[in-house]
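Let's take a walk through this protein together, starting from a single residue and working outwards. Have the viewer open and follow along as we go.

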Amino acid sequence: MITIYRRFCKNLRYILYIRSMSESNDKSTAVSDNNANNEKLIYPAANRNKEPILQVLKRFIICDFDEIEDESPLFVEISSGSGQHVAHFAPHFPGVKFQPTEFDKSLFGSISIYASSCPTKNILQPILVDISTPLSHFGFLENTIDYMYNANMIHISPYECTIGLFENAGKYLKPEALLITYGPYAKDGKISPQSNVEFDASLKYRNPLWGLRDINDLIKLGDQNDLCLIDTVEMPSNNLTLIWKKN
């Protein structure tokens, strides 16, 4: 499993390049800011989708605090990538603790820069997480997470990683807490539109274990882990945000 996941990390930037093309029909890819030894990564696709995702989060994240308190909700991002998403979200929820996580250590520098630059100072430093492994191995306790968020990983990793995501959400989310997933999906065995069909084919060409997952299969996986799909939000570029609630 670790070997498979390392291959995923090795090819991460290649896949982000493909996803960037599929979302915009251009050839833009990740670039580095000219500070901090070129470690601050900027993915064009993340810049495009961070605001639409934020608008969805504003519908579902509840917090009564204006700054970090001991009882502040905990938002754990699985597979943080460059760190752009959590950096964009956190200032809008100053009373929420945001914990970025990543398996690829080469991305920690970028995530750390975004976290340190956050004006509301509510982003923790990134920690190593292999989502195919129980989160207890990384210091988390069961029933302690208020929000778990994962974008653009399910389709560019082996299905075992998706299983791990749902199993961990089922154990480590608090009762009635939320798992939020974003990306392209199949439905009823079909993929649409054609751009997603081509994207799915490119993923499977790169690695047969990758590809768009069917929402119906994820619903079954959710049922096995006390997670219920409560909302499906259509997003730009033929993506969806799925909202899962722990029973």
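Our starting point is Thr162, a residue of helix 6. Keep in mind throughout that this is a predicted model. Is Thr162 buried or exposed? Its relative accessible area is 0%, and the cut-off for buried is under 20%, so Thr162 counts as buried. Which residues does Thr162 touch, once its neighbours within four places in sequence are set aside? The contacts are Ile154, Arg213, Leu218 and Leu221. Take Leu221 from that list: Leu221 and Thr162 are 59 residues apart along the chain, yet 8.9 Å separates their C-alpha atoms.

Now look at the helix around this residue. Helix 6 runs over residues 159-172. With 14 residues at 1.5 Å a residue, helix 6 should span 20 Å, and the end C-alpha atoms are indeed 20 Å apart, so the expected and modelled spans agree. Thr162 has company in being buried: the buried residues of helix 6 also include Cys161, Gly164, Leu165, Phe166, Asn168, Ala169, Gly170 and Tyr172.

Let's step back to the whole chain. The protein has eight helices and nine strands. Of its 247 residues, 53% are buried. What share of the contacts between residues at least 6 apart in sequence join residues at least 24 apart? The figure is 72%.

That brings us to the interior. The largest nonpolar core holds 27 residues, and the members that touch the most others are Ile145, Met148 and Leu179. Two or more residues come from each of strand 3 (74-78), strand 6 (145-151), helix 6, strand 7 (173-183), helix 8 (215-224) and strand 9 (239-246). Our helix 6 gives the largest share of this core, five residues. A second core, separate from this one, has 25 residues, among them Cys118, Tyr149, Ala151 and Ile180.

Ile145 is a good place to zoom in. Leaving out residues up to four places away in sequence, Ile145 touches Leu74, Val76, Leu135, Phe140, Tyr172, Leu173, Lys174 and Ala177. One of these partners, Tyr172, appeared above as a buried residue of helix 6.

Next, the empty spaces. Rolling a probe the size of a water molecule over the atoms shows where such space is left. The largest pocket has a volume of about 220 Å³. Of the 14 residues lining this pocket, Tyr185, Ser192, Asn238, Asn239 and Leu240 are the closest to its centre. Strand 8 (227-235) and strand 9 are the elements that give two or more residues to the lining, and strand 8 provides the largest share, three residues. Sorted by class, the lining of the largest pocket has six nonpolar, five polar and three charged residues.

The second largest pocket encloses about 190 Å³ of space. Which residues line the second largest pocket? They are Phe60, Ile62, Asp146, Tyr147, Lys174, Pro175, Glu176, Ala177 and Leu178. Strand 6 and strand 7 each give two or more residues to this lining, and strand 7 gives the most, with five. By class, the lining of the second largest pocket has six nonpolar, no polar and three charged residues. Lys174 and Ala177, both in this lining, are also contacts of Ile145.

Finally, a few backbone details deserve a look. Most residues other than glycine have a negative phi, and most peptide bonds are trans. The bond from Ser192 to Pro193 is cis, with omega near -5 degrees. Pro193 sits in the loop between strand 7 and helix 7 (194-206), and Ser192 is one of the residues closest to the centre of the largest pocket.

Two residues other than glycine have positive phi values to inspect: Ser79, near 65 degrees, and Asp188, near 55 degrees. Ser79 lies in the loop between strand 3 and helix 4 (84-89), whereas Asp188 is found in the loop between strand 7 and helix 7. Are these two residues buried or exposed? Ser79 has a relative accessible area of 13% and is therefore buried, while Asp188, at 53%, is exposed.

Notes
Residues numbered from 1 in each chain as written. Predicted model: local features only at pLDDT ≥ 70, side-chain atom pairs only at ≥ 80, totals over all residues. Heavy atoms only, no water. Core = buried A, V, L, I, M, F, W, Y, C linked by side-chain atoms within 4.5 Å. Buried < 20%, exposed > 50% of the residue type's maximum accessible area, 1.4 Å probe, protein only. Helix = DSSP H or I, 4+ residues; strand = E, 2+ residues; numbered from the N terminus. Contact = heavy atoms within 4.5 Å. 1 Å grid on protein atoms, 1.4 Å probe; cavity = no way out; pocket = protein on both sides within 12 Å on 5 of 7 lines; lining within 4 Å. Points joined across faces, edges and corners; volume = space filled by probe spheres on them. Nonpolar A, V, L, I, M, F, W, Y, C, P; charged D, E, K, R; others polar. Expected span 1.5 Å × (residues − 1).
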